[in-house]
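This report describes one protein chain, from its overall fold to a few chosen residues. Please look over the sequence and the structure before reading on.

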Amino acid sequence: TPPDPFQAITQRTLEGVDVLVHQAAITDPQDQDADRMFQVNHLDALDLFQKAVKAGVKTIVYASSAAVY
């Protein structure tokens, strides 16, 4: 299993950032299992947003699509 992409992003990484634009997701259920999709698309994204808020990021832009289910 490849490492989760958001785990390398720490709160310290986000310090001094004004805007976070998030458009990443696993969209093809054929390539990944449902648990991994939920972990990356929901839990890791939420963790990223929480780190951003704690680091003082002023704006978070989140885009999604119907391909994420």
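Is Phe49 buried or exposed? Phe49 is buried, because its relative accessible area is 18% and the cut-off for a buried residue is under 20%. The model discussed here is predicted.

## Overall fold

The protein chain contains two helices and two strands. Taken in sequence order, these elements give the pattern α-β-α-β.

Among contacts in the protein chain with a separation of 6 or more, 78% join residues that are 24 or more positions apart.

## Surface and burial

The protein chain has 69 residues, and 26% of them count as buried. Its exposed area is about 4,700 Å², of which carbon and sulfur atoms supply 54%.

## The nonpolar core

In soluble globular proteins, nonpolar side chains tend to be buried together. In this model the largest nonpolar core has eight residues: Leu14, Leu20, Ala45, Leu48, Phe49, Ala52, Ala55 and Val57. Helix H2, which covers residues 34-55, supplies the largest share of this core, with five residues.

Leu14 is one of the core residues. Leaving aside residues up to four places away in sequence, Leu14 touches Ile9, Leu48, Lys51, Ala52, Ala55 and Val57. Leu48, Ala52, Ala55 and Val57 also belong to the core.

## The aromatic pair

The structure holds one aromatic pair. Its members are Phe49 and Tyr62, with 5.6 Å from centre to centre and 85 degrees between the planes, an edge-to-face arrangement. Phe49 lies in helix H2 and Tyr62 in strand S2 (residues 59-62), so the pair ties together parts of the chain that are 13 residues apart in sequence.

How does the burial of the two partners compare? Phe49 is buried at 18%, whereas Tyr62 counts as partly exposed because its relative accessibility is 43%. The value for Tyr62 falls between the limits of 20% for buried and 50% for exposed. Phe49 therefore takes part both in the largest nonpolar core and in the aromatic pair.

## His42

Where is His42 found? His42 is found in helix H2, the helix that also carries Phe49. His42 counts as partly exposed because its relative accessibility is 38%.

Ala25 and His42 are 17 residues apart in sequence, and their C-alpha atoms are 9.0 Å apart in space.

Technical notes:
Residues are numbered from 1 along each chain as its sequence is written. This is a predicted model: local features need pLDDT of at least 70, side-chain atom pairs count only at pLDDT 80 or more; totals for chains, interfaces and linings use all residues. Side-chain values use heavy atoms; hydrogens and water are left out. A nonpolar core is a set of buried Ala, Val, Leu, Ile, Met, Phe, Trp, Tyr and Cys residues joined through side-chain atoms within 4.5 Å. Buried means under 20% relative accessible area, exposed over 50%, partly exposed in between (1.4 Å probe, protein chains only). Helices (H or I, at least four residues) and strands (E, at least two) are DSSP runs, numbered from the N terminus. Contact means heavy atoms within 4.5 Å. Accessible areas come from the Shrake-Rupley method with a 1.4 Å probe; for residues, only the protein chains shown count as cover. Rings of Phe, Tyr and Trp (its six-membered ring) pair if their centres lie within 6.5 Å; planes under 30 degrees apart count as stacked, over 60 as edge-to-face and the rest as tilted.
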